[in-house]
Protein chains: 2
Amino acid sequence: MAVTMRDVAERAGVSAITVSRVINGTGYVHEETQARVLAAIEAMRYVPNSLARSLRSQQTSTLALLVTDITNSFWTTVARGVEDEAAAQNYAIFLCNTDEDPAKEDRYLEMLTQRRVDGLLIGPTPDSASMLSRLHTLDIKFVLIDRAVDGIAADTVRSDSRGGAANITQHMLTTGHQRVAFIGGPLTTSTGRDRLNGYRAAHMAAGLAIDTELIKIGSYHRESGRELTSELLAAERRPTAIFAGNNQIALGVLDALVAARMHLPNDMAVISFDDLPGVDGYGPFMTAVIQPAYQIGRIATRLLLERIADARDEVEEIVLPTQLVIRRSCGCNAVPVV
Amino acid sequence: MAVTMRDVAERAGVSAITVSRVINGTGYVHEETQARVLAAIEAMRYVPNSLARSLRSQQTSTLALLVTDITNSFWTTVARGVEDEAAAQNYAIFLCNTDEDPAKEDRYLEMLTQRRVDGLLIGPTPDSASMLSRLHTLDIKFVLIDRAVDGIAADTVRSDSRGGAANITQHMLTTGHQRVAFIGGPLTTSTGRDRLNGYRAAHMAAGLAIDTELIKIGSYHRESGRELTSELLAAERRPTAIFAGNNQIALGVLDALVAARMHLPNDMAVISFDDLPGVDGYGPFMTAVIQPAYQIGRIATRLLLERIADARDEVEEIVLPTQLVIRRSCGCNAVPVV
DNA sequence: CTGAAAGCGCTTACAG
DNA sequence: CTGAAAGCGCTTACAG
């Protein structure tokens with residue numbers, strides 16, 4: 001049905017292996033022979049079958065990206081970086097959403113090992129640990145993105161959570177806020193710990209004690225941000241600023257503030273690790289720590305391809321700097337609009 | 001090296017084909033035999049090689065999603081829908097960003113045909129037409145998302161651009177705006193035409209003539225929205241509202257308004273086809289036409305899988321209703337904040 | 001209910 | 001510089 005290498009070979013008057021050599025640029029081929037083969041390929045609109053090639057050569061030129069949810073703008077941008085870098089090196093990318101569900105992770109892992117992908121880029125959760133050690137025993141290469149995982153020694157690319165959190169906290173403390181609350185993600189995640197540590201470090205450096213009632217630990221979801229903000233607002237001594245541990249929490253913070261009819265930034269300042277998606281300068285009045293998500297994706301992919309090529313032995317942990325984006329209010333004491 | 005079907009067969013004391021039958025649930029296998037095979041699979045941690053399977057069976061259970069840019073929140077959400085539906089049917093998804101670049105489209109098409117994907121989900125541009133007719137001649141199944149393409153008869157899933165645009169325009173006209181400008185995408189796209197037609201239809205229905213100076217046609221990019229808004233602001237008789245043809249244009253509109261130190265919504269109302277990403281109720285004060293992006297992704301995938309299964313002969317064009325989300329200002333005459 | 005043979009379309013390893 | 005043979009790991013088609 002479809003044109004095969006043998007068909008091309010026949011037409012060019014050579015053997016299949018010569019066609020293979022022309023296509024892959026391996027070994028010597030007489031110039032004239034090569035021209036004949038190329039002409040035949042062109043004329044017959046031959047498209048090599050990479051399934052057969054992969055079956056024989058034991059490599060697929062295919063990677064997979066496992067993220068918790070592509071809909072989160074951080075991961076969207078990471079994905080774009082991954083895809084650009086992969087495409088540049090002629091690799092294809094399988095996209096998988098795990099929803100932080102180990103069962104889904106397992107199902108994808110099965111699917112991907114069956115397809116013999118050359119490597120995985122993974123945005124892990126604490127529950128991923130067992131899957132990751134299985135990858136190690138299966139000798140499947142992978143790179144972690146965004147978070148390190150306890151007990152797993154693996155290439156990792158992430159942003160400087162501790163430094164970013166310290167910076168933004170310090171910014172608030174030096175602009176007059178005495179009571180900055182922190183709503184963070186699980187301490188079982190490296191980002192949860194690092195951001196909390198940064199928040200703490202900034203207080204230490206400023207010589208300020210922390211009211212432990214100002215620290216709320218939940219999950220990286222919008223509802224969590226909403227609930228914990230309500231707790232903060234219900235307390236006797238409210239904070240004057242809330243530091244959201246990621247963009248989803250920040251949305252929950254805004255939800256709770258709107259519900260309480262509080263106005264930004266005068267009634268409450270809100271800052272966030274990770275920006276809100278897309279609207280750039282037009283979102284709520286949030287100063288934010290910006291992560292180099294696109295670069296994270298590109299670099300992680302590069303690292304993985306090196307690992308696949310066995311170009312490296314040591315485990316690499318790459319930590320990229322974050323950027324503090326300061327946004328002032330419009331001075332109109334506006335509430336986020338619904 | 002890796003465990004093969006033959007290894008499993010040997011251990012279970014059967015032939016490879018029996019193992020195959022157990023795995024695929026094809027043909028009869030004695031219960032006891034099946035149990036022995038399953039035990040062997042389990043014990044040896046056998047993972048079938050889908051490359052070999054695909055090579056023989058001529059199907060890969062793999063689809064590809066070609067979008068212009070996954071970073072656009074509309075496409076992100078479509079991708080999520082695609083991936084969920086595909087995963088539910090045990091299909092994997094290759095993600096490809098084309099950046100509206102025919103050369104990139106071609107490169108991906110080559111990559112994907114080599115990998116023998118079962119079908120493609122495509123967010124096309126007008127320049128995709130030649131690629132699409134090539135797909136037809138290659139007999140590769142595909143479904144178009146978001147836009148129809150001139151001269152290409154193919155399954156299509158999109159939202160009701162004309163109806164949505166008419167609705168939102170009508171909303172503005174009935175709330176007192178006399179001069180609603182329209183900044184749309186290329187008229188070579190079905191969305192460009194349909195949205196403009198909806199805008200026009202609403203005026204007709206209201207018995208209002210349209211000042212042709214209020215209609216600006218550009219591209220679906222932020223810069224285009226910015227430039228054309230500047231033109232509108234420079235005109236003698238300004239509009240009182242601007243209707244952006246998609247979310248990127250809307251961002252450009254906001255850029256231009258901020259630059260002109262104009263305040264929303266009192267100095268200028270802004271409405272948009274397609275919402276701004278992510279921030280839901282917290283973005284700028286924009287009433288918007290919302291597209292069911294997630295459903296578009298799911299339905300398109302379902303359609304493609306039907307097509308692959310040869311379950312259908314006629315070409316289907318599915319048009320999903322949009323939703324008008326009305327957002328009022330906060331009453332504080334605020335400017336979008338930077 | 002089970003299997004031996006052939007073949008999917010390439011590349012590897014060995015020759016010449 | 002080129003090729004014949006073998007094999008990657010499955011499933012198809014045919015038997016029994």
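**Entry 1: around DNA strand C**

I began with the surroundings of DNA strand C and found 24 residues around this strand, the closest being A:S20, A:Y46, B:H30, B:T33 and B:R56. I note at once that the model is a predicted one, so everything I write here describes a prediction.

I then asked which part of DNA strand C faces the protein: of its atoms within 4 Å of the protein, 62% belong to sugar or phosphate, and the rest belong to bases.

Sorting the surface near DNA strand C by class, I get 11 nonpolar, nine polar and four charged residues.

**Entry 2: single contacts with the strand**

I looked up individual atom pairs next. In chain A, a backbone N or O atom of A:A52 lies 3.3 Å from a base nitrogen of DNA strand C, while an N or O atom in the side chain of A:R56 is 3.1 Å from a base oxygen of DNA strand C. In chain B, I found a polar side-chain atom of B:T33 at 2.3 Å from a phosphate oxygen of DNA strand C.

Which elements give two or more residues to the surface near DNA strand C? I list α2 (16-24) and α4 (50-57) of chain A, together with α2 (16-24) and α4 (50-57) of chain B. The most comes from α4(A), which gives four residues to this surface.

**Entry 3: aromatic pairs**

I turned to the rings, and over all chains I have a count of seven aromatic pairs. For B:F74 and B:W75, the ring centres are 5.0 Å apart and the planes stand at 70°, so I record this pair as edge-to-face. Both B:F74 and B:W75 are buried.

A further edge-to-face pair is formed by B:F182 and B:F243, with 5.3 Å from centre to centre and 75° between the planes. This pair links distant parts of the chain, since B:F182 is in strand β6 (residues 180-184) of chain B and B:F243 in strand β8 (residues 241-244) of chain B, 61 residues apart.

Are B:F182 and B:F243 buried or exposed? B:F182 has a relative accessible area of 1% and is therefore buried, and B:F243, at 0% relative accessibility, counts as buried too.

In chain A, I noted that A:F182, A:Y199 and A:F243 form one aromatic cluster.

**Entry 4: charges over rings**

Last, I looked for charges placed over rings. The charged end of A:R195 sits over the ring of A:F273, 3.7 Å from the ring centre, and in chain B I found B:R195 over the face of B:F273, at 3.7 Å from the ring centre.

Note on methods
Residues are numbered from 1 along each chain as its sequence is written. Chains are lettered from A and ligands numbered from 1 in the order in which they are written. This is a predicted model: local features need pLDDT of at least 70, side-chain atom pairs count only at pLDDT 80 or more; totals for chains, interfaces and linings use all residues. Side-chain values use heavy atoms; hydrogens and water are left out. Rings of Phe, Tyr and Trp (its six-membered ring) pair if their centres lie within 6.5 Å; planes under 30 degrees apart count as stacked, over 60 as edge-to-face and the rest as tilted. Buried means under 20% relative accessible area, exposed over 50%, partly exposed in between (1.4 Å probe, protein chains only). A charge sits over a ring if NZ of Lys or CZ of Arg is within 6 Å of the ring centre and within 35 degrees of the ring normal. A residue is near a molecule or strand if one of its heavy atoms lies within 4 Å of it. A polar contact is a pair of N or O atoms within 3.5 Å; within protein, one must be able to donate a hydrogen and the other to accept it, and residues adjacent in sequence count only if both atoms are side-chain atoms. Ala, Val, Leu, Ile, Met, Phe, Trp, Tyr, Cys and Pro count as nonpolar, Asp, Glu, Lys and Arg as charged, and the others, Gly among them, as polar.
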